[in-house]
Amino acid sequence: MGNYYQPEIETMPVEQILALQSERLIKQVRYVYDHVKFYHDKMDEIGVMPDDIHGVEDLHKLPFITKDDLRDQYPYGLLAVPLTDCVRIQSTSGTTGRRVVAFYTQEDIDIWEDCCARAVMAAGGGKGDVCHVCYGYGLFTGGPGLNGGSHKVGCLTLPMSSGNTDRQIQFMTDLGSTILCCTPSYAANLGEAIQERGLKDKIKLKAGIFGAEPWTEKMRQNIEELLGIKAYDIYGLTEISGPGVSFECEEQQGMHIQEDHFIPEIINPDTGEVLPEGEIGELVFTCITKKAFPLLRYRTRDLCYLTRKKCSCGRTHIRMHKPMGRSDDMMVVKGVNVWPSQIETVLLNRGYQSNYQILVDRVGNNDTIEVQVELTPEMAANPSVTTAEREKKIVSDLKSMLGIRVDVKVVEPKTIARSEGKAVRVIDKRDLYK
Ligand code: DLL
């Protein structure tokens with residue numbers, strides 16, 4: 001068994017957590033300054049030395065790091081260990097121009113899996129449970145993270161990966177899965193499929209660990225009813241490790257952040273000013289135990305607030321409200337991170353102009369995404385290529401750019417409504433941040 005089960009850390013008095021964070025932060029800043037040229041230069045530039053950091057109260061002195069920095073430093077610029085000490089990479093969904101590759105030493109993997117193990121335990125998982133993981137495996141962190149956590153707590157782990165609903169249900173009924181790990185939208189799909197097949201009596205699920213995309217309280221109720229389970233939220237991002245940066249306990253009142261590994265801050269996304277507990281702003285993380293890819297003050301772009309209100313589960317780690325929006329224009333569609341700029345790149349590469357619109361909606365439990373783009377006048381004057389051919393090419397380019405199917409409608413010039421102010425490129429009707 002790993003060392004994930006550390007009730008003395010999860011329930012430690014707040015002053016002790018803060019002391020532990022300070023101790024780790026001081027060491028980590030020195031480590032990062034000495035091992036990552038990017039940080040060395042950035043700190044020199046603003047005149048902050050590792051010796052200026054005496055504890056968490058000095059965190060605000062450090063510079064922020066953003067996804068653009070990560071992109072600029074791709075692939076090895078932020079590595080703090082020789083590549084030969086790394087044993088794994090994971091990567092975010094969404095690709096060209098926006099790829100983020102995170103590196104892990106074996107110790108990083110162990111800690112990440114410990115974080116996921118705590119999440120599985122908080123959902124009631126342990127020896128004797130059958131943990132059915134249908135997050136994607138591969139570069140995406142969902143499958144590997146929950147897989148590792150499930151092993152550590154001694155569950156029988158089913159590494160199902162995503163898709164093939166019939167097979168999922170068959171394993172679930174034959175092997176008596178008790179804990180389900182997947183995106184909330186897929187959980188709702190599975191719930192409906194199980195009901196349609198009249199198999200609800202045959203499943204033994206008691207809990208689900210759902211995250212990687214925003215979901216509402218209404219969706220939670222729906223999933224809990226459909227599957228007869230308790231549905232727990234889990235949050236994380238590849239840059240910081242993956243799932244398990246925070247997770248819900250049985251109280252389902254926000255997600256406990258694993259403060260022995262990550263220090264959270266909430267900032268005003270426009271000014272960078274640190275906001276007090278309870279105020280909504282952008283979530284920022286500093287990793288204090290990571291070795292290979294140790295980010296300090298990473299801006300997640302997720303909007304939420306933090307609370308230290310006592311939780312009756314006994315955990316003292318601070319809680320974050322589920323993400324309430326984004327401070328950039330990233331959307332999570334079909335579980336994949338999508339930036340409008342990626343779609344625009346595909347269109348411009350094919351010779352279209354910026355007259356396009358992205359329509360996102362949810363039909364049943366499934367996201368739909370359609371791109372409408374105008375023909376240029378030159379294209380309209382050239383009937384030798386049919387609209388269907390044009391659409392097929394864009395669908396294929398978008399599939400390789402984003403990894404998901406996007407419906408495409410090529411329309412006549414000047415048919416998409418022009419805006420008088422800022423162009424409205426995205427119409428997202430899902431209303432997921434509630
Ligand atoms: O989605 C890691 C993960 C896997 C989390 C499985 C939970 C379960 P990325 O692909 O890097 O990593 O996407 C990270 O997804 O910044 C949020 O915007 C969004 N996100 C993740 N979890 C939640 C959640 C994984 N529980 C980005 N609620 C983050 C809302 C979430 N949004």
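**Stop 1: helix α5**

Select residues 106-122, which form helix α5 in this predicted model. How far apart should its ends be? At 1.5 Å a residue, these 17 residues should span 24 Å. Now check the C-alpha atoms at the two ends: they are 24 Å apart, which agrees with the expected span. Next, colour the helix by accessibility. You will find α5 mostly covered, with 13 of its 17 residues buried. Then step on to G124, which follows α5 and has a positive phi, near 90°.

**Stop 2: helices α2 and α3**

Before you look at helix pairs, here is a handy idea. Two packed helices are described by the angle between their axes and the distance between the axes.

Select residues 14-35 for helix α2 and residues 37-46 for helix α3. Their axes are 5 Å apart, and the helices pack at an angle of about 105°. Are they parallel or perpendicular? Angles of 65 to 115 degrees count as roughly perpendicular, so α2 and α3 are roughly perpendicular to each other.

Show the side chains where the two helices meet. On the α2 side, pick V29, V32, Y33 and H35. On the α3 side, their partners are K37, Y39, H40, M43 and D44. Sorted by class, this contact has five nonpolar, two polar and two charged residues.

**Stop 3: helices α7 and α8**

Now try a second pair: helix α7 at residues 165-175 and helix α8 at residues 184-196. The axes of α7 and α8 come within 11 Å and cross at roughly 75°. By the rule from Stop 2, α7 and α8 are therefore roughly perpendicular to each other. To see the contact, select T165, Q168, I169 and M172 in α7, together with Y186, L190, A193 and I194 in α8. Which classes are present here? The contact of α7 with α8 has six nonpolar residues, two polar ones and no charged ones.

While you are here, click on N164, in the loop between β4 (156-159) and α7. N164 is not a glycine, yet its phi is positive, about 55°. Is N164 buried or exposed? Its relative accessible area is 45%, so N164 is partly exposed.

**Stop 4: two more backbone spots**

Move to Q252, in the loop between β8 (242-248) and β9 (255-257). Q252 also has a positive phi, of about 50°, although it is not a glycine.

Then find P75, in the loop between α4 (67-72) and β1 (88-91). Look at the peptide bond from Y74 to P75: it is cis, with omega near 0°.

**Stop 5: the nonpolar cores**

Select Y39, L78, I240, F285 and L295. In the largest nonpolar core, which has 53 residues, these touch the most other members. You have met Y39 already, in the contact between α2 and α3. A second, separate core has 25 residues, including V336, I343, Y356 and V408.

**Stop 6: V332**

Finish at V332, in strand β16 (residues 331-333). With a relative accessible area of 8%, V332 is buried, because buried means under 20%. Which residues does V332 contact, leaving aside neighbours within four places in sequence? They are A212, E213, P214, N337, D367 and R430. For a last look, add L432: V332 and L432 are 100 residues apart in sequence, and their C-alpha atoms are 10.0 Å apart in space.

Notes:
Residues numbered from 1 in each chain as written. Predicted model: local features only at pLDDT ≥ 70, side-chain atom pairs only at ≥ 80, totals over all residues. Heavy atoms only, no water. Core = buried A, V, L, I, M, F, W, Y, C linked by side-chain atoms within 4.5 Å. Buried < 20%, exposed > 50% of the residue type's maximum accessible area, 1.4 Å probe, protein only. Axes fitted to C-alpha atoms, helices over the stretch in contact; angles between N-to-C directions. Helix = DSSP H or I, 4+ residues; strand = E, 2+ residues; numbered from the N terminus. Parallel < 35°, antiparallel > 145°, perpendicular 65-115°, else oblique. Contact = heavy atoms within 4.5 Å. Nonpolar A, V, L, I, M, F, W, Y, C, P; charged D, E, K, R; others polar. Expected span 1.5 Å × (residues − 1).
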